[in-house]
Amino acid sequence: MNEENTDGTSGCSKVRTGTQNEAALLALMEKTGYNMVQENGQRKFGGPPPGWEGPPPPRGCEVFVGKIPRDMYEDELVPVFERAGKIYEFRLMMEFSGENRGYAFVMYTTKEEAQSAIRILNNYEIRPGKFIGVCVSLDNCRLFIGAIPKEKKKEEILDEMKKVTEGVIDVIVYPSAIDKTKNRGFAFVEYESHRAAAMARRKLIPGTFQLWGHTIQVDWADPEKEVDEETMQRVKVLYVRNLMISTTEETIKAEFNKFKLGAVERVKKLRDYAFVHFFNREDAMTAMSVMNGKCIDGAFIEVTLAKPVSKETTWRHANGQICPSSENLIVFANKEESHPKTLGKSPTLSVRLNGQHSPSPPEMERCTYPFFPGTKLTPISMYSLKYNHFNSAVMHLDYYCNKNNWAPPEYYLYSTTGQDGKVFLVYKIVIPAIANGSQSYFMPDKLCTTLEDAKELAAQFTLLHLDYNFHRSSIKSFSPVSATLSSGTPSMLPYTSRPYSYPGYPLSPTVSLANGSHVGQQLCISHQASFF
């Protein structure tokens, strides 16, 4: 330990010498009977605790703690976290200087104790003006593998991954929404341990490894959200995936009503998956067992319970930092595809059909750098860039179409005039490649007052219904339109990749719109929209 330790960031005048630190930690060890050892940049307290017999606690018993003052150590932290239950192991991340790194991992003996710690200690004021964040921590044993040839079958991918990496347990592959004989171009590989997955990731780093002659993309898959059993016992919504795009909500409802007429309350379908709401849980459970694996319109479906997500604020952690997750705004999230790296989460569905969510993706870097004379420039195509180089929904939609070998989206501008003479604008978007499918065009149910906002909103709306997400980090996609407001009242349309929000106005179901010089064309808009 270093001789002095101060919390310069907090302005705290408290100074504790290394000798005092050591004495405090020795006193803690003597009082609790726990051992303490420092290795590999972390200090372990316990693991196991005195008198422990049997294997370590199961997955889900560990919590992550962030925003810890840098001059705070186990003698202060352990008593705080003991309030939630018996600590199996406390791991404090350490700097070479002797300060902590601002975060720690606390493993309890049961999942209930870990949940209790999150409930009572998240946002706890551990020192005046200093609030810690606490969230669940899970060892990740799953990798996301992207840029896989779409014609490869699950068995081929599994065999290949077993050849090039060790500890492979399973491979999860999803069929394409358009062609069920092909995969989606990515897979999830499950390993026997976090260490095995980490070693595989190191070996498969992009640019140094190829599969079938292709340079693959490799990253950690976002861990599946843990939901307590008590909450799952109340779920009466089913998540249905692997549907045909052409399958309608009416067909799904009719199929799930076959075993008991009138059991289904409503169905919400988005692209090739759907949420089926039941009036009671017993019918939902029966339908899940009966319908899982059944064929609807030529596609064999998968049916699971939708996973409720707590309405309370949840958190995610990265590199010792902790920040709010968008998932506190999601009511139902489940089985896949909210973005490619995520397994175990579907695009969200509110309990109300028109409910929406507003995620909080990482802040995009938007600044300029000096351009020095003689700097070498290379001409490139925008389509050779990655998704995170784009900041607007309009650009993402164009990029998405190109990556699917589709023609560019077609934008058709309409206008209408409000009672006060204000001109409102809305775009209709046609994707030629799918124009003959179940949805011939995309048009949001809000109007804007500027051309740029109308185009951006229409692109957002289209991407939402195409099941596309901007961010492949743990927090998902863009923010769609807010819930419909009362007549004539502007609503806020937060678009998280942009530094501002803009107002939208509800569109009447039969409002007269002008397209170019042709006035009076009638368009039927969602009946959930409000009138002016």
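Visitor: Which residues of helix H8 are buried?
Guide: This is a predicted model. Helix H8 spans residues 281-291. Its buried residues are Arg281, Asp283, Ala284, Ala287, Met288 and Met291.

Visitor: Why are these residues on the same side of H8?
Guide: Look at the directions around the helix axis. The buried residues lie on the same side of H8 because they cover an arc of only 155 degrees.

Visitor: Which residues are exposed on the other side of H8?
Guide: Exposed means over 50% relative accessible area. On the other side of H8, that applies to Glu282 and Ser289.

Visitor: What covers the buried residues of H8?
Guide: Both helices and strands take part. The helices include H6 (229-232) and H7 (249-256). Among the strands are E16 (237-241), E18 (273-278), E19 (295-296) and E21 (302-305).

Visitor: Which residue caps the N-terminal end of H8?
Guide: Look for a side-chain oxygen 3.3 Å from the backbone nitrogen of Glu282. That oxygen belongs to Asn280.

Visitor: What phi does Gly293 take?
Guide: Gly293 comes just after H8. Its phi is positive, at about 90 degrees.

Visitor: Are H9 and H10 parallel or oblique to each other?
Guide: Helix H9 covers residues 393-403 and helix H10 residues 451-465. They pack at about 45 degrees, with axes 8 Å apart. An angle under 35 degrees would count as roughly parallel. H9 and H10 are therefore oblique.

Visitor: Which residues of H9 and H10 make the contact?
Guide: The crossing of the two helices is left-handed. H9 contributes Ala393, Val394, His396, Leu397 and Tyr400. From H10 come Lys455, Glu456, Ala459, Gln460, Thr462 and Leu463.

Note on methods
Residues numbered from 1 in each chain as written. Predicted model: local features only at pLDDT ≥ 70, side-chain atom pairs only at ≥ 80, totals over all residues. Heavy atoms only, no water. Buried < 20%, exposed > 50% of the residue type's maximum accessible area, 1.4 Å probe, protein only. Helix = DSSP H or I, 4+ residues; strand = E, 2+ residues; numbered from the N terminus. Arc of directions from axis to C-beta. Contact = heavy atoms within 4.5 Å. Polar contact = N/O pair within 3.5 Å; in protein donor to acceptor, adjacent residues only side chain to side chain. Axes fitted to C-alpha atoms, helices over the stretch in contact; angles between N-to-C directions. Parallel < 35°, antiparallel > 145°, perpendicular 65-115°, else oblique. Left-handed = near helix turned anticlockwise from the far one by under 90°.
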